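Student: I should like to go through this model by asking, for each term, what justifies its use. May we begin with the annotated positions and then turn to the sheet and the helices?

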Amino acid sequence: MEYSLLCQHLHALSVSPARKKLALFGIMLLLWVYLLYSCVGYCATVPSLLVDGHRARDADFPGKRTESGRADLMSRLLPRAQSWVDLESDDDEAVDSTAARDFSTTEAETDRAEDWYDARGERRSPEQSALSSFSNGSGSKRLPQAIIIGVKKGGTRALLEFLRVHPDIRAVGAEPHFFDRNYDNGLDWYRELMPKTLEGQITMEKTPSYFVTREAPARIYSMSRATKLIVVVRDPVTRAISDYTQTLSKKPDIPTFESLTFKNRTTGLIDTSWSAVQIGIYAKHLDNWLQFFPMRQILFVSGERLISDPAGELGRVQDFLGLKRIITDKHFYFNQTKGFPCLKKAEGSSKPHCLGKTKGRTHPNIHPEVVQRLRDFYRPFNMKFYQMTGHNFGWD
Ligand SMILES: Nc1ncnc2c1ncn2[C@@H]1O[C@H](COP(=O)(O)OS(=O)(=O)O)[C@@H](OP(=O)(O)O)[C@H]1O
């Protein structure tokens, strides 16, 4: 067809000057359209090359270098969409609906994602949003292949935000709470919450309450028995205090930590029905998961090491997920003011970023005797947990 068109143009050239001009104009027009098409493909990659050089340098993207693979490659190179309406809700939650003294069961407390985004000063401009939607246009929504299932106050937000830096990970920012609270909504509802991914990219979410939800293992198994599970664990005593601190920040008139910890202060009997205490009995909850998933499918991340050596823990997580180790110590710096490691460049940004003010709160002083009593309480459970996981987390 193009050949006959050319013949017609040649014929026209030999016929009259007017037709000759018309033919030339036609050819010019075709050239312009072609140039414009090429430029859209090239120019759109430029901003992200400037923002995030390591992605561009990574020549191992599995995306095809064909015309049809252009969208694939583009989506990896462009800052991935992380909508600012994508809210985190790091809720307080009961161990299960029967947990007796859980203040959070009456009123959910939320540490919202705005915290993270506000701290980054990173509301997206309309231009960025447009670019993001463009890059987000390709791919499809998939059910997660890996889930951070716990534990609450373990450092789950830090882990997810750090993982999002990886170009082969796409994660939903909000906690879907699908396998505990929203299961009746069905898998299609759940899938719809997920970001679009391309072939080879991993979809993730985090909902720390799954770890202590009795029904969660069976439900995740029925979605996919191949789901990779990640648990961020932290010294159960500090975790309990952190949990209490979060509730206290929203409900300043709750009883003291001490009075909630003990069933009987004189005998020193611990109240295991209080969710802040119960969540830390990791061995018991893990048992529930091992009824459905083999140990090799569960990765335990140390919440303490996530702070002292984020790159080391991230290295283990990337290996577990079968990903190239792209997130390294080059991505982190220790922020003295925050007192925590922060990202030199968060996903889709060129500025340094720390987690928001609800992460890394100052804990109230707890009487050393109470702390000691809790340590004694957790010790046998911790030992069991070390045995089950084959890893000593050093909490004693
Ligand atoms: N890099 C970095 N920055 C800030 N905070 C960090 C970081 N790494 C781990 N942590 C610890 O994460 C604790 C909150 O844990 P989670 O994100 O799992 O909490 S939640 O269950 O989602 O509410 C939070 O607990 P608190 O210190 O008690 O606030 C932090 O100690």
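Student: Which positions does UniProt list under "binding site"?

Tutor: This is a predicted model. The unreviewed UniProt entry lists Lys-153, Gly-154, Gly-155, Thr-156, Arg-157, Arg-234, Ser-242, Lys-359, Gly-360, Arg-361, Thr-362 and His-363 for "binding site". Such annotations may be inferred rather than shown by experiment. For "active site", the unreviewed entry lists Lys-153.

Student: Why is Lys-153 called buried?

Tutor: The cut-off for a buried residue is 20 or more other C-beta atoms within 10 Å. Lys-153 has 28 such atoms, and therefore Lys-153 is buried. Lys-153 is located in the loop between β2 and α8. Beyond residues up to four places away in sequence, Lys-153 touches Arg-234, Arg-239, Ser-242, Asp-243 and Gln-246. Two of these contacts, Arg-234 and Ser-242, also appear in the "binding site" list.

Student: What makes Gly-154 a buried residue?

Tutor: Gly-154 has 30 other C-beta atoms within 10 Å, so it is classed as buried. Gly-154 lies in the loop that joins β2 (146-150) to α8 (156-163). With neighbours within four places in sequence left aside, its contacts are Pro-208, Val-232, Val-233, Arg-234, Arg-239 and Gly-303.

Student: How do you know whether Lys-359 is buried or exposed?

Tutor: Lys-359 has 20 other C-beta atoms within 10 Å, and is therefore buried. The definition requires 20 or more, so a count of 20 satisfies it. Lys-359 belongs to the loop between β11 (340-343) and α17 (368-389). Apart from residues up to four places away in sequence, Lys-359 touches Arg-157 and Ala-158.

Student: What makes α8 largely enclosed by the rest of the structure?

Tutor: In α8, 8 of the 8 residues are buried, so the helix is largely enclosed by the rest of the structure. The residues concerned are Thr-156, Arg-157, Ala-158, Leu-159, Leu-160, Glu-161, Phe-162 and Leu-163. For the protein chain, buried residues make up 37% of the 396 residues.

Student: What is the order of the 5 strands in the open sheet?

Tutor: The order is β3-β5-β2-β6-β9, and the pairing is parallel. From one strand to the next, the twist averages 25°.

Student: Why are β3 and β9 called edge strands?

Tutor: β3 (169-171) and β9 (298-302) each pair on one side only.

Student: How do you know that β3 pairs with β5?

Tutor: Two strands count as paired if there are at least two bridges between them. β3 and β5 (residues 202-206) share 3 bridges in the parallel sense, so the criterion is met. Within this pair, Arg-170 stands opposite Thr-203 of β5.

Student: In what sense do β10 and β11 run, and how many bridges join them?

Tutor: Strand β10 (residues 332-335) is joined to β11 by 4 bridges, and the two run antiparallel. Since at least two bridges are required, they count as a pair. Tyr-333 stands opposite Cys-342 in β11. β10 and β11 form a hairpin with 4 residues between them, and Gly-339 in the turn has a positive phi of about 80°.

Student: Why are α11 and α17 called oblique to each other?

Tutor: Helix α11 (residues 236-250) and α17 pack at an angle of about 125°, with axes 9 Å apart. Roughly perpendicular covers 65 to 115 degrees and roughly antiparallel means over 145, so an angle in neither range, and not under 35, is oblique. The two helices are therefore oblique to each other. In this contact, Pro-236, Val-237 and Ala-240 of α11 meet Val-371, Leu-374, Arg-375 and Tyr-378 of α17. By class, the contact has 6 nonpolar, no polar and 1 charged residues.

Student: What makes α14 oblique to α17?

Tutor: The axes of α14 (residues 282-290) and α17 cross at roughly 40° and come within 8 Å. Only angles under 35 degrees count as roughly parallel, and roughly perpendicular starts at 65. α14 is therefore oblique to α17. Tyr-282, Ala-283, Lys-284 and Leu-286 of α14 make the contact with Phe-381, Lys-384, Phe-385 and Met-388 of α17. The residues of this contact divide into 6 nonpolar, no polar and 2 charged.

Definitions and conventions. Residues are numbered from 1 along each chain as its sequence is written. This is a predicted model: local features need pLDDT of at least 70, side-chain atom pairs count only at pLDDT 80 or more; totals for chains, interfaces and linings use all residues. Axes are lines fitted to C-alpha atoms, for helices over the stretch in contact, and angles run from 0 to 180 degrees between N-to-C directions. A residue is buried if 20 or more other C-beta atoms lie within 10 Å of its own, exposed if 12 or fewer, and partly exposed in between; C-beta atoms are placed from the backbone. Two residues are in contact if their C-beta atoms, placed from the backbone, lie within 7 Å. Ala, Val, Leu, Ile, Met, Phe, Trp, Tyr, Cys and Pro count as nonpolar, Asp, Glu, Lys and Arg as charged, and the others, Gly among them, as polar.
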